[in-house]
Amino acid sequence: MEIEEASRESGHVVCGSWIRRPKKVNWVVIAKASKRRGSSPALLNIFSFDPVTASLSSSPLATHTLKESDGDPVTVTVHPGGDYFICSTSKGGCKSFEIVGGATGVTILAKELLPLETAGVQKCMAFSFDGSKLAVGGVDGCLRIMEWPNLGVILDEPKAHKSIRDMDFSLDSEYLATTSTDGSARIWKAEDGFPLSTLERSGDENIELCRFSKDGTKPFLFCAAQRGETPLVNVYDISTWKKLGFKKLSRKTASTMAVSLDGKYIALGGKDGDVSVAEVKTMEIYHYSKRLHLGQSIASLEFCPSERVMLTTSSEWGEMVTKLSVPKEWKEWQIYALLFCLFMASVVAAYFFFENSDSFWRLPMGKDQKRPKISLFGDSSTPSEDHSRWNLDL
């Protein structure tokens, strides 16, 4: 069963992303473009998430209004620590924001981001999983990799691609994958920005989206590709960057892609509003939401960090929170409770067999027969027999 929540003031949401907070608390940042004729400015809202109802709060915890000179938000990326996020804008480059406060009150503080304030429109951005690096990819094809938080420049490559479409860091933060609007994809060494490889593809194949595996045991890179009219998901080995195979997970072209933080599921958001969620182990569909956004292209898609819940956004229907119909998983306390019950059951069973084991050796006896008494000195006769024998001896 799906639990969904439509956007307040829907129709103006540009993108959204989860914010991981301490104690498995999750928030969501939603970027909204300005309304037509300037009736409402561009906004950045932070909402709380209720895991019981799988829904966002009715009113935001905090709101920040973008300046008219900044234009509208393009995309956002949140630092793994949950205290910062970056927003790229249509006119003013990139803006940095700090999240201050907790349950009693939250404030969004704008911070200087001098190296990127005049960088132009950035199509995609990503923090490394260890939080030490920030990568941004421009519409002009320029790729930048910087240290965080000191913003030291690692790579500034103006001709990385024709125009950067998507990017993702590997789980160990060692590699960065990027895709281009011309269908190509490249791999970069995140530590120094060295270009390692260009992914192989067939002549009529365009690689559009990329996500690294995140379970820590399978070193794969997943790429959503279009081969003619057929959408596919290619799988690459990150030790050799060779293609291992491909799988068709969606009928329509994907507009966005995500992998759950535990690496168990991969999701594709379609240009027609459909969402497909597959198990990585089997690459079989486990959840399918048909026309979740009623025919609109899904702008952003992201798994909740600690729940089997998905956040999707579109320009027409705003943000939606969807509970995934995937098999329930054992929680840690449930596993310990099961082990304790099994242990107690084995103790009770052992006690039962111990108390009743003698009945197995109880053989049929005559009317006057008595069970022999076992002596430690080797005499197995009964007391009556011993007494009679003593009298006879006398």
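In this predicted model, a polar atom of the Arg-211 side chain lies 3.1 Å from the backbone oxygen of Met-257. The side chain of Arg-211 also makes a polar contact of 2.9 Å with the side chain of Asp-166. Arg-211 belongs to strand β18, which spans residues 205-212, and it counts as buried because its relative accessibility is 15%, below the 20% cut-off. Beyond its neighbours within four places in sequence, Arg-211 is in contact with Asp-166, Met-167, Asp-168, Leu-221, Phe-222, Met-257, Ala-258 and Val-259.

Attention can turn next to the nonpolar interior. The largest nonpolar core holds 18 residues, and those touching the most other members are Ile-19, Val-29, Leu-44, Ile-46, Phe-85, Phe-97 and Ile-99. Two or more residues each come from β1 (13-21), β2 (25-32), β3 (43-50), β6 (73-78), β7 (84-89), β8 (94-101) and β9 (106-111), with β2 giving the largest share, 3 residues. Leu-44 offers a handy place to look around: leaving aside neighbours within four places in sequence, its contacts include Ile-30, Ala-62, Leu-66, Phe-85, Cys-87, Phe-97 and Ile-108.

Empty space was examined as well. The model contains 2 cavities of 30 Å³ or more, and the largest cavity has a volume of about 70 Å³. Its lining is made of 15 residues, with Ala-225, Pro-231, Leu-232, Ala-254 and Leu-268 nearest the centre. Strands β19 (220-227) and β20 (230-237) are the elements that each supply two or more residues to this lining. Sorted by class, the lining of the largest cavity comprises 8 nonpolar, 3 polar and 4 charged residues.

How values were computed. Residues are numbered from 1 along each chain as its sequence is written. This is a predicted model: local features need pLDDT of at least 70, side-chain atom pairs count only at pLDDT 80 or more; totals for chains, interfaces and linings use all residues. Side-chain values use heavy atoms; hydrogens and water are left out. On a 1 Å grid over the protein atoms alone, a cavity is a set of points where a 1.4 Å probe fits but cannot get out, and a pocket is an open set with protein on both sides within 12 Å along at least five of seven lines; lining residues have an atom within 4 Å of a point. Grid points are joined across faces, edges and corners, and a volume is the space filled by probe spheres set on the points. Helices (H or I, at least four residues) and strands (E, at least two) are DSSP runs, numbered from the N terminus. Ala, Val, Leu, Ile, Met, Phe, Trp, Tyr, Cys and Pro count as nonpolar, Asp, Glu, Lys and Arg as charged, and the others, Gly among them, as polar. A nonpolar core is a set of buried Ala, Val, Leu, Ile, Met, Phe, Trp, Tyr and Cys residues joined through side-chain atoms within 4.5 Å. Buried means under 20% relative accessible area, exposed over 50%, partly exposed in between (1.4 Å probe, protein chains only). Contact means heavy atoms within 4.5 Å. A polar contact is a pair of N or O atoms within 3.5 Å; within protein, one must be able to donate a hydrogen and the other to accept it, and residues adjacent in sequence count only if both atoms are side-chain atoms.
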